[in-house]
Amino acid sequence: MIGPKATYSFLLIILFNVFIANGQGCQNPLKLKDLEGQWYIQYSNFPMWLKGDKTSPRFNYTIESDRLLDKVQYIKQGRKKTITGFDTSLDVCNRRFEWRGKGLLHLLRSRWEIIENHRKEKWALIYFEKTLFTPEGYDVISKNKELTKDQLNSIRAKISQLTLEKELVSIPHFDNP
């Protein structure tokens, strides 16, 4: 026979799981549709974007089978290059993801999460974990190629709040070839 304390604990666990599973425990939950489309990398501390040989980086997200088809595009030596993979959500909030490469890159994976998302201003701050091949870091991405004054002020305030202003570098965007 199960005692009242065990029953009470069991009920709490079930309620907590239902609460989380319905997204009610999320702070600002996202739908994959919110992430769909093209995002320009505006600020970053990722070495790949800071070396200078790869310019105009952007992400293109397309929903495909309850996950995101993720195409990282950039310009190198005047040519458009693409790295393709899939982002699978790791939580019901759609804020934490695991990227896995497509094709030959299938063995590679990384985890990233959306720390800040401004739907109205159309920008987000993402954190990516360290992998075997890359350091941990941050990207500020936006739906707009050129940032407005309001977007810049909002982004700079968030960067300052997280004391990342010395780490993150503005990433220029040039016309595509």
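Student: How much space lies in the largest pocket?
Tutor: Keep in mind that this is a predicted model, so the pocket is one found in predicted coordinates. Rolling a probe the size of a water molecule over the atoms shows where empty space is left. For the largest pocket, that space comes to about 680 Å³.

Student: Which residues of the lining lie nearest the centre of the largest pocket?
Tutor: The lining is made up of 26 residues. Several elements each supply at least two of them, including helix 3 (47–50), strand 2 (54–63) and strand 6 (109–118). Nearest the centre you'll find Phe46, Met48, Trp99, Ser110 and Thr134.

Student: How many residues of that lining are nonpolar, and how many are polar or charged?
Tutor: Let's sort the lining of the largest pocket by residue class. Five residues are charged and three are polar. The nonpolar group numbers 18.

Student: Thr134 is on that list of residues nearest the centre. Which side chain makes a polar contact with the side chain of Thr134?
Tutor: Look in the loop between strand 7 (123–128) and strand 8 (137–142). A residue there touches Arg109 and Ser110, leaving aside residues up to four places away in sequence, and a polar atom of its side chain lies 3.1 Å from the backbone nitrogen of Phe133. Its side chain also meets that of Thr134 at 2.8 Å, and the residue is Thr131.

Student: Let's move to Gln38 in strand 1 (residues 37–44). Is Gln38 buried, partly exposed or exposed?
Tutor: Buried would need under 20% relative accessible area, and exposed would need over 50%. Gln38 has 28% relative accessibility, so this residue counts as partly exposed.

Student: Which side chains make polar contacts with the side chain of Gln38?
Tutor: Start with what Gln38 touches: not counting residues up to four places away in sequence, these are Arg58, Phe59, Asn60, Gln73, Ser142 and Lys143. One polar contact, of 3.4 Å, joins the side chains of Gln38 and Arg58. Another, of 3.2 Å, joins the side chain of Gln38 to that of Asn60.

Student: How far apart in space are Gln38 and Ile141?
Tutor: In sequence, 103 residues separate the two. Going from C-alpha to C-alpha, though, the distance is 9.6 Å.

Student: Over which residues is the pLDDT below 50?
Tutor: For the protein, the mean pLDDT is 87, and 84% of the residues reach 70 or more. One stretch falls below 50, and beyond near neighbours in sequence it has eight contacts in the model. That stretch is residues 6–24.

Key:
Residues are numbered from 1 along each chain as its sequence is written. This is a predicted model: local features need pLDDT of at least 70, side-chain atom pairs count only at pLDDT 80 or more; totals for chains, interfaces and linings use all residues. Side-chain values use heavy atoms; hydrogens and water are left out. Helices (H or I, at least four residues) and strands (E, at least two) are DSSP runs, numbered from the N terminus. Buried means under 20% relative accessible area, exposed over 50%, partly exposed in between (1.4 Å probe, protein chains only). Contact means heavy atoms within 4.5 Å. A polar contact is a pair of N or O atoms within 3.5 Å; within protein, one must be able to donate a hydrogen and the other to accept it, and residues adjacent in sequence count only if both atoms are side-chain atoms. pLDDT is the predictor's confidence in each residue, from 0 to 100. On a 1 Å grid over the protein atoms alone, a cavity is a set of points where a 1.4 Å probe fits but cannot get out, and a pocket is an open set with protein on both sides within 12 Å along at least five of seven lines; lining residues have an atom within 4 Å of a point. Grid points are joined across faces, edges and corners, and a volume is the space filled by probe spheres set on the points. Ala, Val, Leu, Ile, Met, Phe, Trp, Tyr, Cys and Pro count as nonpolar, Asp, Glu, Lys and Arg as charged, and the others, Gly among them, as polar.
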